[in-house]
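Please find below my note on the structure, set out as numbered points.

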Amino acid sequence: MSNSKLQVTVRPVNIETDVDGIVRVVRDEDYLPWAKPESCLAVLTHTAARGFYQTVAIVDDIIAGFAVWNEDRENGEDFLYLSMMHVDMDLRSRGIGAAMIADGVRYAKSLGISVLRTMPEDERSLSFYLRNGFIITEHLDGFVCKAQAGNYAAKEINHPTFEMIDGLEFVFGLGQAAPQFMFGLSDLRVQQERGWPVKSFSFCEGLLQFRYDKDKTETAQMLYWSNLVPTEKTLAEILALGYTLGFEKLDFEFRRKFSELFIGRENLQPEDYKEGIVLEKAVGGL
Ligand SMILES: CC(C)(COP(=O)(O)OP(=O)(O)OC[C@H]1O[C@@H](n2cnc3c(N)ncnc32)[C@H](O)[C@@H]1OP(=O)(O)O)[C@@H](O)C(=O)NCCC(=O)NCCS
């Protein structure tokens, strides 16, 4: 295969026609909701309804890349947050990712936003962002705790509804650094109605995100939670929901500055340390 740069165009997702192409692009990470047609359609629809900017990169009339951006604000600063970027595994290192970043710059400028923000997934994606003009603005430092199955399955779970969640503020785990990044909010009932694959990728609205680890163990991760719900209640509900869904083990990730909210409660003890990196790129020239 040639490694020459490709002719790439980037355009907004068309939910009617793009699902199959996005599913194909994401095929190498099959635990993601975009990797299966039903959940891809559900998550694209829901994310679009929340006003996120979802794009595809086109090469020779074929979908070759996918990205999800959302406008956000933290500490008085507006930014455009990149929560998802994926390039077809057979077409990487040929400029498609860079073209999607350039489109994010263009879009941010059109909104009068001067900063892009993201968090890299690993060392390779970090180098990709650094080469595209992002700089490291924050190191997040935190803990991972594991909770074992307990006596929670019988507890009643009181899910917030979709309507309640709009406009809530969130406190973060290490997973993401954008307050409104909640691309697949759903409670159990909504997932069942829509046929979402509950155990492979599911969410408890406003409280947390569950997903299998990459190694497909029965593990769920909590990435976000509402700071309007008392911690004890949040923890009890998360554990109850997790065990009801059949998870045997739940991982909690949270930033060090929130330690006192978690450590020691519901028998949570830190087992590991974890770091996250926040990257920003000034788009300039508004
Ligand atoms: C990261 C990614 C979006 C970059 O897209 P791309 O079209 O390959 O990017 P470009 O061609 O503009 O730049 C290529 C550079 O990206 C970096 N890169 C990061 N991950 C890479 C990967 N899995 N394969 C190839 N290059 C990768 C390298 O620095 C590469 O430079 P090189 O070609 O000199 O090795 C793409 O590689 C990808 O989808 N990776 C898997 C998913 C992922 O990590 N997404 C980002 C999550 S935060």
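1. Helices and strands are taken here as DSSP runs, a helix having at least four residues, and are numbered from the N terminus. The model is a predicted one. Just after helix H2, Gly-51 adopts a positive phi of about 85°.

2. H2 itself comprises 13 residues and spans 18 Å from its first C-alpha to its last, close to the 18 Å expected at 1.5 Å a residue. Its buried residues are Ser-39, Cys-40, Leu-41, Ala-42, Val-43, Leu-44, His-46 and Thr-47.

3. Which residues have the most contacts inside the largest nonpolar core? They are Ile-22, Trp-34, Cys-40, Ala-57 and Trp-69, in a core of 38 residues. At least two residues of this core come from each of helix H1 (15–25), helix H2 (37–49), strand S2 (53–59), strand S3 (62–74), S4 and H3. In soluble globular proteins, nonpolar side chains tend to be buried together.

4. Cys-40, which is buried in H2, touches Val-19, Ile-22, Val-23, Pro-33 and Trp-34, when residues up to four places away in sequence are left out. Apart from the largest core lies another, of 5 residues, including Met-119, Tyr-129, Phe-134 and Leu-279.

5. Around the ligand there are 17 residues, of which Arg-92, Ser-93, Gly-97, Ala-98 and Phe-128 come nearest. Strand S4 (77–87), helix H3 (96–111) and helix H4 (123–131) each contribute at least two residues to this shell. H4 gives the most, with 5 residues. By class, the shell holds 6 nonpolar, 6 polar and 5 charged residues.

Terms used
Residues numbered from 1 in each chain as written. Predicted model: local features only at pLDDT ≥ 70, side-chain atom pairs only at ≥ 80, totals over all residues. Near = placed C-beta within 6 Å. Nonpolar A, V, L, I, M, F, W, Y, C, P; charged D, E, K, R; others polar. Core = buried A, V, L, I, M, F, W, Y, C linked by C-beta atoms within 7 Å. Buried ≥ 20, exposed ≤ 12 C-beta atoms within 10 Å, placed from the backbone. Contact = placed C-beta atoms within 7 Å. Expected span 1.5 Å × (residues − 1).
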